[in-house]
Amino acid sequence: MLLKMQRCDFSAMSKRKSKENSSANGECISQVQRILRERFCHQCPNGKLFGVELQYKHLLELLKRTTIYGESNSALIIGPRGSGKTMLLNRVLKEIMEIKQVRENLLQVHLNGLLQTNDKIALKEIARQLQMENVVGDKVFGSFSENLVFLLEALKKGDRNSSCPVLFILDEFDLFVHHKNQTLLYNLFDISQSAQTPVTVIGLTCRQDILELLEKRVKSRFSHRQIYLINSFDFKQYLKIFKEQLCLPAEFLDKSFTQKWNKNVQSLSEDKTVQDVLQNHFHCSKDLRSLHMLLMLALSNVMVSHPFMTGSDLLEASKMCRMDSKANIVHGLSVLEVCLIIAMKHLNEVYEGEPFNFQMVYNEFQKFIQRRAHSMYNFEKPVVMTAFEHLIQLELIKPVDGPSVRAQREYQLMKLLLDSNQIMEALQVYPNCPTDVKQWATSSLSWL
Amino acid sequence: MPNFEHPEYPEATLLHLESVVPCRESQVSQLLSIFGERQHFSFPSIFIYGHTSSGKTYVMQTLLETLELPHVFVNCAECFTSRLLLEEILTQLRSLSSEDKPGFHVSCDTFNDFIRLFKQEINAQGLQNQTVYITDRNVTVVFLSEIVWELFRPNTGCLEPLTLYFPDYSIGNLQKILSHYHPPEYSADFYAAYINILLGVFYTVCRDLKELRHLAALNFAKYCEPVVRGEASERDTRRLWKNIESHLKKAMQTVYLREISSSQWARIQQDDGEPGHLKGLSAHAHVELPYYSKFLLIAAYLASYNPARTDKRFFLKHHGKIKKTNFLKKHEKTSNHLLGPKPFPLDRLLAILYSIVDNKVAPTANIFSQITSLVTLQLLTLVGHDDQLDGPKYKCTVSLDFIRAIARTVNFDIIKYLYDFL
């Protein structure tokens, strides 16, 4: 009931505005949801690329040289998670495929380090994607060495003028360097250096130190061409991006609705609360993925009774994205478990973070019970042990040196994975906390 | 008028949904708004966390089944290797369409094959446009867990899922849900009062819904006894409380700790009112030991918990005084009872043994074999390598209460000999 009342509150204002359009809204809203969800969840952001024009040109040139002039090349695209590497590559490929000559001739092989976890699987995948003669349907025949020899021969026999160029795209490139002897990488780079079939190898990775992971012989065959993608925009551009992501395209069905929607987006971007929310978000992480998550959450509130996004939608979405999850878990613990956490906090303070064991925590808890507690019943040791084990299960406490069979359970050293600020904040919102427990948390018991 | 609004699903379904998931309305409406319509895209991955039995699996399952969305449910504790996991997903996916081919098993070794087969399945079943709940397809993977996402995040990062929190039930919510299960013979108020009492005893220790339900079911018969026997009416709360209080406290020590099984508990309730002679699981740890073994165990305990330099003071007839500064005494951390037992060599064990036993003990094979049997009983543990024959080290792993009980049977005052109790 409460949630519905809240919804009525925000949509009261917009209801007055949109009463006139209530007839066309159902279908409109559904279409809006479809377009925007595809944009946010399917990683097809709208509009032109921002801040990566140079890199785009560079990559385009590179691929043109391979596909049209028959040069072999290799390059690495490096950038943190969510900076748009795959998106950039896809855009460039889309543009290149518009050239007729390329569309008919280019062969592409897409590999992913997460899927092809060793060279054998990778090689089979390459054979499958190139539809070589040892592949029937989906099954690849032959052993690893046979496949490799076959592939290398096939690629070596061609020449620049008459064979189709082959493009190898290796996603999660940093996982390929962990394969045994880096065989696949060595062979691919080797072929890209020798002048036969035009072959281009493009790797995408999020590790900045990727070159140090390559073996010497592999590194020397690599052309050292690196394209860096860094989110180099500032907050003003971030706001512009925000507007662009939310705007509906001009060819949407209902023209008047599109206008209203886009005007709403404009007013949102000038609203102070929205700017604050975006500023907070921008300070945590610049990349577009987190922006998309925020917008998606705010979008899920858009429905027929609430057709335009408001600042409070964004505020709620922001709060949901930035919840402290460990504090939430502490919220749901029983009072006995909270007492144990407070005991551990005091032990950490007195002994400056050294690991503790159950016996010490129990001792501390006993001191509290005997001297200060009026509302807590003196539980038996096994009951306290069960509470302690529950905390281990939730991974709020972790054993220092892994599970060991030798030590008794009570004496195994543990460390607490919460810090005292988190604990104090969680206690403020803990429901029905007995006052003596709260007092104990703020002041530790003195020695004497 | 249901609390959930959704353009796609009919009102009757939503009303039904509301009735089956009490106290979780806001989570369900949040999930509904995130899912959107059938052919819309949704978040590629969602991570739902919350305490045990806070309803995560129940709500997800009910939601997906009521709304008839294509989904695959996999329990990661059962499918603990990647192969099991992937095969389970593919098998369930195949059985989504055909109901007359159960037990069809798809074999899939690697993740690469999984992606290929998955795409084939989706195409075969025409599910391209709908979101499949578990690339560039419209798939959402939902993770349900007790542990927070931060502990799972891989080192180089990944596509961050949307994290949703299922809050724990408040005491009011627990009361409401537990009262739902009242047996038909008694009135709802009577059962609600019982739940109130139960929560009063157990709420500070445990908030797990399943555990509380189990305890409620076990102890209800005992609660109703006075009413059944005619001694008290349904409203006589004081007498009912007096009857059940000690019973519940006993339950905390036994059934809650799984010391005895619930069938044993039920039997005890039926036999008589006094749950005094329960033999829990930990009581079975008491073993009757022969005379010298008891002394060996006591000697081992003393060797583990007393530092070696204090042996002279305790076990020699003419000893000097050992200087113990005030500083050391107050620094509780060095109390050996907090840190655990320390390993000691065999010679020290024998030396202490000779000094505490009254009559002369010869170091025969008898004594040594008793030491080995103590190791087998896990009252002592061997520290270090098995092959070390000339200087084996042991550690005593019994608790203080246990050793005091043993010492009492041989009239030995062990507290006098412990360094920590000086």
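**Reading sheets, helices and cores in a predicted model**

Mentor: Let us start in chain B, where three strands make an open sheet in the order 5-7-6, and their pairing is antiparallel. Keep in mind throughout that this is a predicted model.

Trainee: What makes strand 5 and strand 6 of chain B the edge strands?

Mentor: Strand 5 (344–345) and strand 6 (380–383) of chain B each pair on one side only.

Trainee: How do you know that strand 6 and strand 7 of chain B pair?

Mentor: Two strands count as paired when at least two bridges are found between them. Strand 6 of chain B and strand 7 (residues 393–396) of chain B have four bridges in the antiparallel sense, so the pair meets that requirement. As an example, B:V383 has B:K393 in strand 7 of chain B as its bridge partner.

Trainee: Which helices lie against these strands, and at what angles?

Mentor: Helix 11 (residues 291–305) of chain B lies across strand 5, strand 6 and strand 7 of chain B, at about 95 degrees to strand 7 of chain B. Helix 16 (residues 365–376) of chain B packs on the sheet as well, touching strand 6 and strand 7 of chain B, and its direction makes about 95 degrees with that of strand 6 of chain B. Since angles from 65 to 115 degrees count as roughly perpendicular, both of these fall in that class.

Trainee: Why is B:R348 called buried?

Mentor: The cut-off for buried is under 20% relative accessible area, and B:R348 has 14% relative accessibility, so B:R348 counts as buried. B:R348 belongs to helix 15 (residues 346–356) of chain B, and beyond its neighbours within four places in sequence it is in contact with B:L302, B:A303, B:N306, B:P307, B:A308 and B:D311.

Trainee: Why is helix 2 of chain B called oblique to helix 3 of chain B?

Mentor: The axes of helix 2 (residues 25–35) and helix 3 (residues 56–66) of chain B come within 11 Å and cross at roughly 50 degrees. That value is what makes helix 2 of chain B oblique to helix 3 of chain B, because angles under 35 degrees would count as roughly parallel and those from 65 to 115 as roughly perpendicular. The contact is made by B:V28, B:L31, B:L32 and B:F35 of helix 2 and by B:V59, B:M60, B:L63 and B:L64 of helix 3.

Trainee: At what angle do helix 18 and helix 21 of chain A pack?

Mentor: Helix 18 of chain A and helix 21 (residues 420–428) of chain A pack at about 150 degrees, with their axes 11 Å apart. Angles over 145 degrees count as roughly antiparallel, so this pair belongs to that class. The crossing of helix 18 past helix 21 of chain A is left-handed.

Trainee: Which strands of the sheet in chain A stand at its edges, and why?

Mentor: That open sheet has five strands in the order 2-5-6-1-7, with parallel pairing. Strand 2 (107–112) and strand 7 (226–228) of chain A stand at the edges, because each has a single partner strand and so has one side without a neighbour in the sheet. From one strand to the next, the twist averages 15 degrees.

Trainee: How do you know that strand 6 of chain A is mostly covered?

Mentor: In strand 6 (residues 199–205) of chain A, seven of its seven residues are buried. One side holds A:V199, A:V201, A:G203 and A:T205, the other A:T200, A:I202 and A:L204, and both faces are covered. Strand 6 of chain A also pairs in the parallel sense with strand 1 (residues 73–78) over six bridges and with strand 5 (residues 166–171) over five bridges. A:T200 is the bridge partner of A:N73 and also of A:L167.

Trainee: How many residues does the largest nonpolar core have, and which have the most contacts inside it?

Mentor: The largest core has 87 residues, and A:M344, A:F356, A:M376 and B:F202 have the most contacts inside it. Helix 18 (residues 335–350) of chain A gives the most to this core, with ten residues. Another core, of 61 residues, lies apart from it, and A:I35, A:F252, A:F282 and A:L314 are among its members.

Definitions and conventions: Residues numbered from 1 in each chain as written. Chains lettered and ligands numbered in written order. Predicted model: local features only at pLDDT ≥ 70, side-chain atom pairs only at ≥ 80, totals over all residues. Heavy atoms only, no water. Buried < 20%, exposed > 50% of the residue type's maximum accessible area, 1.4 Å probe, protein only. Helix = DSSP H or I, 4+ residues; strand = E, 2+ residues; numbered from the N terminus. Core = buried A, V, L, I, M, F, W, Y, C linked by side-chain atoms within 4.5 Å. Axes fitted to C-alpha atoms, helices over the stretch in contact; angles between N-to-C directions. Contact = heavy atoms within 4.5 Å. Left-handed = near helix turned anticlockwise from the far one by under 90°.
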